[in-house]
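Work through the exercises below with the structure open beside you, and try each task before reading its solution.

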Amino acid sequence: MPPALAPLARLAFNYWWSWQPEGEALFRDVDPERWVACGANPVRLLAETSELERALTSDLPARARAALATLEAELAAPTAAFADAAHPIAYFCAEFGVHPSLAVYGGGLGVLAGDFLKEASDRRLPVVGVGLFYHRGYFHQRLDLSGLQHEYWTAVDAERLPVNLVRGEDGRPLTVEVELRGHAVVLRVWRVNVGRVPLFLLDSDVPGNSQLDRFVTGQLYVADRDVRLMQYAVLGIGGVRALRALGIAPSITHLNEGHAALAVLEMARATRAPGEPLATAVGRVREGVVFTTHTPVAAGNETYDPADVGRVLPGLARELGATDEELLALGRGPDAARDARVGMTELGLHGSRSANGVSKRHGEVARSMWQGLFRATRREDVPITHVTNGVHLPTWMAAPMRALLRRHLGEDWESEQDDPERWARIREIPDEELWRVRTELRTALVEAVRVRSVADRLDRGEPIDYVEAAAKNFDPAVLTVGFARRVATYKRLYLLTQSPSRALGLLSGDRPIQVVIAGKAHPGDEGAKQFLQTIFAMKRAPGVGTRVAFLEDYDLELARTMVAGCDVWVNLPRPPNEASGTSGMKSALNGGLNLSVLDGWWCEGFAGDNGWAIEGEGDLDHAAQDRRDADQLYGILERDVVPAFYERDARGLPRSWLLRVRSSLGSLGPHFNASRMLRDYVARVYTR
Ligand SMILES: *Cc1c(COP(=O)(O)O)cnc(C)c1O
């Protein structure tokens, strides 16, 4: 690396750049083509580009020096008043969605965890993240000609990522051990810098471990249940041991979802007095543990048969100085039978001083779900609260919208992004400017759809006319509707095609909509995969091939483009199965309008004039509910959405549409950002 560009290399090893207004341009401008080819991975870019000589003679060295000075000042700044830098909050999660180039996330949970770390950095809260280094990441998605989803994994090359192996004082890689299936497995630790926050990722792919043990941290949400249980042990037990080896003594251990719940047992083991019952030791350590549950669907709360635990973690009870019964009781309700299954969520609830759901409604659902565990006669007495999710604004608000708000809300507005007063100045933004930004974002999405749909269709071997249909017909002036999320049955993507004739009516005609869809089905979810095939089969219907694009391999990168460019963001969960949902918040930050079932966060967000709502009552007759909800969806689109978008004044501006956009930004912006979320966690969960 030429010395004048050394600051660029330093910046590459801290993802902080990724959410600074000029951050991405610093690397892209080195070599724009390579930047795309490298998947926006700055370490690979600097290793692979042949443009460094040219960069030396540009303004890049000066820009990199300035950016590095800002980062270093940020790293040196004192921590927020609330917290003690020597005793950070340890945030455990099975996945972290920090950046598209670091494939250790699958979906919403990981993206939320990544947003949490970035916001903690921005707010100077002392936090360390603990997760797993999946060296083959999460699966990639490819559809074949019949619309059947195929999965493939690609190996991650740690040498070419902004990650560093943590070393001990002797210079050798720091290791910890966890006993799995009766023998010790050695783990190494990678460090990822997320602004001020270090993220430590445990890795079992260590020379000397058996081939199977090396695979334990291979894939996120691996299909084999025993391997998943081993992952939970690596995360929970290994994570606590790694922090200890690093000399980090957390003030609070935050278990973000049940996957990390075994951490509680390791904390109890390490502090247990000789002869002390396990339950007493857990009762003590839980005073330093908080738990967030994300799963209102029973199947999502994973349970294991006692025999599974015995097979995968045979030495655990002995290590804890406890009987098998004492150990298993921590993962069960109070009246469970001797052979009852044990759950990670149950362990998390038993082992934490506070528990919360991730939206107001999810808090209620979780209290009902866990009433038995707490032996509560009334639902209100179940000690589970809620902190509604929020998204990291600098990550999710696209650059043109960020610049617009900076001009009108003030240079420093982002530091007060949770203040509704600040956002109230949105009223003063002229319609022309707001519409120009919306048009710019939609145009960028349309361009991305053209490129990606041609690539996807060519790869599948589609006929040439269909390959080019979306490229020719996706139109930056057409009302663009987005639907992107995990293709799980409860998300009810199929409602879009419930009435083919009404759907086709919306897609054709002189006031058409165009639809962008993306999402992965879980590899084991045959129902979801079949559904993907069903919508796929409609592609030959008139209008569908030209106005509907399914984009493969939904990830952070595609999510950013979609939430920025779509005019309407659709969410159709079967209530009350959506714990929160966060993609709609991302859309709102970019001036998109939500059309969603009143479930999850939208129960708190919808205010009449800031989007559209489909009733959120549950119905045991699923088919009847689907018919009713699809009817509401089409009705809202036909009656309200399409006219509001296409009715223009003399200057070509959609006045009533922009009124809604303003109302959406002003009412949702200050509340559904990660800054507000973090403030709530500090006030309601971390402080007592
Ligand atoms: C935001 C996000 C999600 C979560 O979206 P939901 O609305 O909660 O379904 C999933 N995947 C990616 C890549 C995201 O960016």
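The exercises that follow deal with the ligand, the nonpolar cores and two individual residues.

This is a predicted model, in which local features need pLDDT of at least 70 and side-chain atom pairs count only at pLDDT 80 or more, while totals for chains, interfaces and linings use all residues. Residues are numbered from 1 along each chain as its sequence is written, and side-chain values use heavy atoms, with hydrogens and water left out.

**Exercise 1. Describe the surroundings of the ligand.**

Step 1: Begin with the shell, where a residue is near the ligand if one of its heavy atoms lies within 4 Å of it. There are 14 residues around the ligand, and the closest are Trp396, Lys491, Thr582, Ser583 and Lys586.

Step 2: Look next for N or O pairs within 3.5 Å, the cut-off for a polar contact. An oxygen atom of the ligand is 2.6 Å from an N or O atom in the side chain of Lys586, and for the side chain of Lys491 the corresponding distance is 3.1 Å. With Thr582 the partner is a polar backbone atom, 3.1 Å from a ligand oxygen.

Step 3: Consider the cover, using accessible areas from the Shrake-Rupley method with a 1.4 Å probe. On its own the ligand has 390 Å² of accessible area, and the protein covers 93% of this.

**Exercise 2. Find the residues that touch the most others in the largest nonpolar core.**

Step 1: A nonpolar core is a set of buried Ala, Val, Leu, Ile, Met, Phe, Trp, Tyr and Cys residues joined through side-chain atoms within 4.5 Å, and buried means under 20% relative accessible area (1.4 Å probe, protein chains only).

Step 2: The largest core has 132 residues, of which Leu11, Phe27, Tyr91, Phe92 and Tyr686 touch the most other members.

Step 3: A second, separate core holds 93 residues, including Val111, Leu493, Ala521 and Leu653.

**Exercise 3. Decide whether Arg332 and Val597 are buried or exposed, and describe their settings.**

Step 1: Arg332 has a relative accessible area of 5%, and is therefore buried. Its side chain reaches the backbone oxygen of Arg338 at 2.9 Å.

Step 2: Val597 has 0% relative accessibility, so Val597 too counts as buried. The C-alpha atoms of Val597 and Asn571 are separated by 6.4 Å, although these residues are 26 residues apart along the chain.

Step 3: Taking contact as heavy atoms within 4.5 Å, and not counting residues up to four places away in sequence, Val597 touches residues including Arg492, Asn571, Trp602 and Ile614.

Technical notes:
Polar contact = N/O pair within 3.5 Å; in protein donor to acceptor, adjacent residues only side chain to side chain. Buried < 20%, exposed > 50% of the residue type's maximum accessible area, 1.4 Å probe, protein only.
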